[in-house]
Amino acid sequence: MPRALLSALLLFSSLLPHSALAQWQQHQWDVMGTRASVTLWSEQDAAPLFAALEKEMSRLNILLSPWVEDSELAKVNRLAASEAQTISAEFYALLEKSRDYYQLTGGAFDISFASAGHLYDYREGTSPDEETLQEATRHIDASNIQLLPANQVRFTDPGTTIDLGGIAKGYAIDQGIDLLKRAGIEQAWLSLGGDSYVLGDHRGRPWGVGIRHPRDKDAIAMRLPLSDIAMSTSGDYQRYFISKGERIHHIISPETGKSAGELVSVTILTEKSIDADALSTSVFVLGREKGLALINRLANTSVIIIDQQGEVYYSDDLVPPE
Ligand code: AMP
Ligand code: MG
């Protein structure tokens, strides 16, 4: 949350009459390669809830990270081409969800993007050479991932590598919000990098959630009044480097194995964070025309797109500002 907004919230809450302990409480930590942040209203000390959220998100990181050597996902990447692997129901359900999005997006959302995507090192600023990239891109094809009965998965191509980076943060937020709801929390804002969920309203008024300006990390491109909704922004500024004047970033077109180049920011609003997350990555890959067409077909789902020229486009259900 932008600091100015947070201090406004804290000031506002301190003016309200409330029981001795009821207050906005806030916590931030690093997980899943990004920053997690939660703000909630509670009459009790929220420290145990914050600890429970941290624990749940570390659990998911250990399950799903391609970089944690004995995560289920890393094991599948190592072994599923040799023989079918039995995985947890939870991981299996995420693979099914990913397959659904692969089908819905005509292949734009493809967790096997990693077959080529893992050859980039965004921290070091290195890319594969053209020949290596082309060879690896031939292995991007989610139809190589066979989901078998009894929670088994097999890869039909030994060059296949998967990564749930386009959907895992959204899933983690949904899990976190369930945890908060079960604890009786009615008003909260939970975010992981570009993904967030706002639970309830902000003591009678909507929360003001900002979309980051894609080219100025300290600026907000626009602020939306939201409650009980998931919001996910995919941007070309989240993980990138510049090479020979070209921006090389983390959202990969499955056709080319290269960064998707048409858009700079895609924000999805919908009911569940897992869907918002998958769809923001998908629309980023699809580009403006196909992306808008897809979102306009889906119920209760909105999109705000910013392209390379800085033009903003909205799905049909939103009324653009004059
Ligand atoms: P997000 O910030 O939610 O758009 O997620 C970006 C992440 O999605 C990247 O860091 C990759 O882990 C993953 N990703 C990149 N390209 C794709 C793609 N075409 N399909 C699915 N996931 C992708
Ligand atoms: Mg995403």
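Me: Between which two strands does the loop with Lys-244 lie?

Reply: Helices (DSSP runs of H or I, at least four residues) and strands (E, at least two) are numbered from the N terminus. Going by that, Lys-244 sits in a loop flanked by β11 (240-243) and β12.

Me: What kind of model are we looking at?

Reply: Residues count from 1 along each chain as its sequence is written, chains are lettered from A and ligands numbered from 1 in the order written, and side-chain values use heavy atoms, leaving out hydrogens and water. Local features need pLDDT of at least 70, side-chain atom pairs count only at pLDDT 80 or more, and totals for chains, interfaces and linings use all residues, since the model is predicted.

Me: Is Lys-244 buried or exposed?

Reply: Buried means under 20% relative accessible area, exposed over 50%, and partly exposed in between (1.4 Å probe, protein chains only). The relative accessible area of Lys-244 is 86%. That value makes Lys-244 exposed.

Me: What is the phi of Lys-244 near?

Reply: Lys-244 isn't a glycine, yet its phi is positive. The value is near 50 degrees.

Me: Which residue takes a positive phi in the hairpin of β4 and β5?

Reply: Three residues lie between the strands of this hairpin. The residue in question has a phi near 60 degrees, and it counts as exposed at 63% relative accessibility. It's Ala-150.

Me: How many bridges pair β4 and β5?

Reply: Two strands pair if DSSP finds at least two bridges between them. Here the pairing is antiparallel, with Leu-147 opposite Val-153 in β5, and the number of bridges is four.

Me: What is the order of strands in the open sheet of three strands?

Reply: β3 is joined to β5 (residues 152-155) by two bridges, and those two strands run antiparallel. β4 pairs with β5 as well, again in the antiparallel sense. Put together, the order is β3-β5-β4.

Me: Which strands stand at the edges?

Reply: Each edge strand has a single partner, so one side of it is left without a neighbour in the sheet. The two are β3 (85-86) and β4 (145-148).

Me: Which residue in β5 is the bridge partner of Thr-86?

Reply: Thr-86 falls within β3, which covers 85-86. Its bridge partner in β5 is Gln-152.

Me: Which residues give the protein donors of the magnesium ion (ligand 2)?

Reply: Donors are N, O and S atoms within 2.8 Å of the metal (3.2 Å for Na, K and Ca), and sites may look incomplete because water is not among the atoms. The protein donors here are two oxygens, O and OD, from one residue and OG1 from another, lying 2.0 to 2.3 Å from the ion. Both residues are buried, and their names are Asp-277 and Thr-281.

Me: Why are Asp-277 and Thr-281 separated by about one helical turn?

Reply: Both belong to helix α8, residues 273-286. The turn fits because of how far apart they are in that helix: four residues.

Me: What volume does the largest cavity have?

Reply: A cavity is a set of points on a 1 Å grid over the protein atoms alone where a 1.4 Å probe fits but cannot get out. Searching the whole structure gives one cavity of 30 Å³ or more. The largest has a volume of about 80 Å³.

Me: Which element gives the most to the lining of the largest cavity?

Reply: Lining residues have an atom within 4 Å of a point, and here they include Leu-95, Phe-109 and Leu-147. At least two come from β4. The element that gives the most, with four residues, is α4.

Conventions
On a 1 Å grid over the protein atoms alone, a cavity is a set of points where a 1.4 Å probe fits but cannot get out, and a pocket is an open set with protein on both sides within 12 Å along at least five of seven lines; lining residues have an atom within 4 Å of a point. Grid points are joined across faces, edges and corners, and a volume is the space filled by probe spheres set on the points.
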